[in-house]
Amino acid sequence: MTRSVYVTGIDRGDGRQVVELGVMELLTRQVDRVGVFRPLVHHSPDRLFELLRARYRLSQDPATVYGMDYHEASALQAERGTDELVSTLVDRFHAVTRDYDVVLVLGTDFADTQLPDELALNARLANEFAASVLPVVGGRGQNTESVLAETRNAYRAYENLGCDVLAMVTNRVAREDRDEIAERLGARLPVPCYVVPDEPALSAPTVAQIVQALDAKVLLGDDSGLARDALDFVFGGAMLPNFLTALTPGCLVVTPGDRADLVVGSLAAHNAGTPPIAGVLLTLDERPGDEILTLAARLAPGTPVLSVPGYSFSTAERLSSLEGKLSAATPRKAETALGLFERYVDTGDLIGRVSAPSSDRVTPMMFEHKLLEQARADVRRIVLPEGTEPRVLQAAEVLLRRGVCDLTLLGPADRIRKTAADLGIDLGDTQLIDPATSELRDSFAEKYARLRAHKGVTVELAYDVVSDVNYFGTLMVQEGLADGMVSGSVHSTAATIRPAFEIIKTRADASIVSSVFFMCLADKVLVYGDCAVNPDPDAEQLADIAVQSAATAARFGVEPRIAMLSYSTGTSGSGADVDKVRTATELVRSRRPDLRIEGPIQYDAAVEPSVAATKLPESDVAGQATVLIFPDLNTGNNTYKAVQRSAGAIAVGPVLQGLRKPVNDLSRGALVSDIVNTVAITAIQSQSPAPSSERKAAAP
């Protein structure tokens with residue numbers, strides 16, 4: 001039977017979209033086929049479903065997602081009774097369960113529904129769907145005693161109506177009350193209660209949402225500027241010196257359009273990062289002259305400047321009622337929501353209570369989810385030398401919001417902050433270090449000079465070398481000030497990994513540094529090595545690559561079954577190239593008899609069971625290989641790119657292996673998601689039994 005989770009509430013304004021998104025994230029980590037059903041909808045398409053569809057690449061036909069709209073439901077209930085309404089919705093729900101292993105049910109929203117006893121209707125639907133219930137109680141603006149009483153009453157209400165209550169979620173509570181509420185509810189409820197604090201960034205409208213709500217004209221600004229959250233509103237009327245002191249980080253400045261001094265002053269403050277603002281909203285349908293707008297565009301490129309016809313007071317009234325919404329157009333809010341959910345909800349316990357069936361398939365999304373989850377389990381510090389690169393900053397925002405790792409960004413701090421401000425990114429207390437001015441530069445120069453003295457490197461020369469961000473970042477890793485490094489979005493592979501070869505060097509159990517790609521196919525993950533580092537490894541090196549790749553695969557949840565690839569399978573061919581692979585295979589067997597390995601073997605016999613049954617019927621690897629070792633770089637690099645392009649596979653890597661501490665390289669065409677995945681992999685590589693307290697704190 002399909003297992004279903006019914007997320008519901010007791011009233012409007014509970015912010016349960018955070019919970020619905022978080023539960024969907026959990027389900028898609030476990031199961032390939034997750035369906036969505038919303039019994040009642042105000043209008044189609046539904047905003048939250050569109051977010052889920054975009055984020056989780058759902059192929060479900062939207063027509064099957066919705067039971068009916070509220071007007072139809074109200075009319076049906078009034079004319080033919082609740083039993084008929086429920087019966088119709090149950091039929092439409094079961095049409096979804098036929099195609100999916102798990103269904104996430106999005107309960108009614110208690111907003112202008114005209115349905116009597118909406119809580120009882122949700123409870124009955126959950127029971128008829130055989131779904132477990134996850135009630136959400138909103139605590140915004142309430143004191144501790146009120147939140148406690150409302151949560152206990154909600155639990156009793158659903159339990160008395162016969163529901164299988166998985167857990168309770170109390171959402172949007174005051175941050176300072178969160179711990180006390182969690183402790184007291186934990187002692188009084190028979191099911192877990194997850195208490196989530198209010199997060200202003202989630203309820204703050206984006207500038208784009210303000211444009212839509214006020215039908216504002218966009219005079220200046222780009223997409224990244226319009227995506228900024230308006231965390232506060234500052235209304236301009238004072239003279240400029242007094243006005244500047246009122247600015248707050250992330251505020252939207254609202255001022256009459258004829259106050260050019262406030263417009264220029266606000267944008268100049270943004271340019272200086274004191275503080276970064278969301279944008280400027282001009283009232284009275286007035287706009288500064290072209291020369292002022294030109295200056296504004298130069299002062300703060302991308303920062304929105306908007307215009308509305310109304311007075312400042314009426315505009316303020318409309319702004320006060322605006323609230324940010326999770327949608328497909330606000331991916332950054334989704335990252336914030338997931339980070340909040342994952343921090344305050346025991347996700348391992350919750351997914352265990354759902355008892356979602358584990359899938360044998362491993363989709364690219366499931367693999368990516370697992371990376372983030374594994375990195376988050378033991379948070380490490382990763383240094384990113386390319387701190388002024390916009391893609392790196394966008395990835396940093398995702399990593400920080402999801403709590404994946406701690407970060408150090410290298411580069412001039414003012415440039416990093418300005419670029420982040422222009423992108424609307426809040427780096428919080430992220431560590432920023434400028435190698436050129438850091439107090440670490442002297443000690444790093446001495447360290448590097450000692451390491452490279454045999455090459456004639458003096459302290460004076462080293463002082464210049466370590467100002468390079470990649471050398472500085474590598475030395476941070478070597479000295480224990482960071483756990484790993486990721487670079488390469490604007491640097492060559494050589495510039496990224498040469499410092500690691502010189503400073504970190506290979507592990508004692510590795511003869512060479514090599515690499516793997518995680519090839520995420522539609523239903524499984526394969527490990528390809530070496531496709532990026534070693535042009536023509538000999539038999540000894542090839543054996544080392546195989547052993548390292550098997551260890552990397554196991555570390556990331558891929559059971560290693562090694563195929564040593566060649567143009568010949570078994571004993572069918574001969575020649576120097578085949579003999580090299582055969583020798584390497586025997587070396588692995590002698591060194592690691594515990595590893596399952598086959599070679600030489602052709603690619604089709606390695607991965608296709610029907611071919612394996614003909615060519616190597618007795619092999620326990622042929623047809624089901626997961627780690628594929630290529631005989632040389634030419635073969636490996638071309639194969640991974642061919643599979644990536646022709647099979648639509650997602651290639652995650654290259655992931656370097658064999659170094660004493662992890663450093664990984666990015667493609668210069670890397671997407672934000674590529675950077676996020678690579679940083680997560682690097683964090684996982686650095687995880688070890690060594691306690692976090694052994695890591696040093698870096699000086700700026």
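**A sheet, two helices and one asparagine**

Student: Is asparagine 677 buried or exposed?

Tutor: Keep in mind that we're looking at a predicted model. The relative accessibility of asparagine 677 comes out at 6%. The cut-off for buried is under 20%, so asparagine 677 counts as buried.

Student: Where does asparagine 677 sit, and what is it in contact with?

Tutor: Asparagine 677 belongs to helix H30. Skip its neighbours within four places in sequence, and its contacts are Glu368, Leu371 and Val652.

Student: Which strands does helix H30 touch?

Tutor: Helix H30 covers residues 672–686 and packs on the sheet. Its direction makes about 35 degrees with that of S22. The strands it touches are S17 and S22.

Student: In what sense do S17 and S22 pair?

Tutor: Strand S17 takes in residues 514–520, and 6 bridges link it with S22. Here valine 516 stands opposite valine 655 in S22. The sense of the S17 and S22 pairing is antiparallel.

Student: Which strands stand at the edges of the sheet, and why is one side of each left without a neighbour?

Tutor: The open sheet has 6 strands with mixed pairing, in the order S20-S19-S21-S18-S17-S22. Two of these strands have a single partner each, so one side of each has no neighbour in the sheet. Those edge strands are S20 (596–601) and S22 (650–657).

Student: Which helix lies across S19 and S20?

Tutor: Look for residues 576–591. They form a helix running at about 170 degrees to S20. That's helix H26.

Key: Residues are numbered from 1 along each chain as its sequence is written. This is a predicted model: local features need pLDDT of at least 70, side-chain atom pairs count only at pLDDT 80 or more; totals for chains, interfaces and linings use all residues. Side-chain values use heavy atoms; hydrogens and water are left out. Two strands pair if DSSP finds at least two bridges between them. Helices (H or I, at least four residues) and strands (E, at least two) are DSSP runs, numbered from the N terminus. Contact means heavy atoms within 4.5 Å. Axes are lines fitted to C-alpha atoms, for helices over the stretch in contact, and angles run from 0 to 180 degrees between N-to-C directions. Buried means under 20% relative accessible area, exposed over 50%, partly exposed in between (1.4 Å probe, protein chains only).
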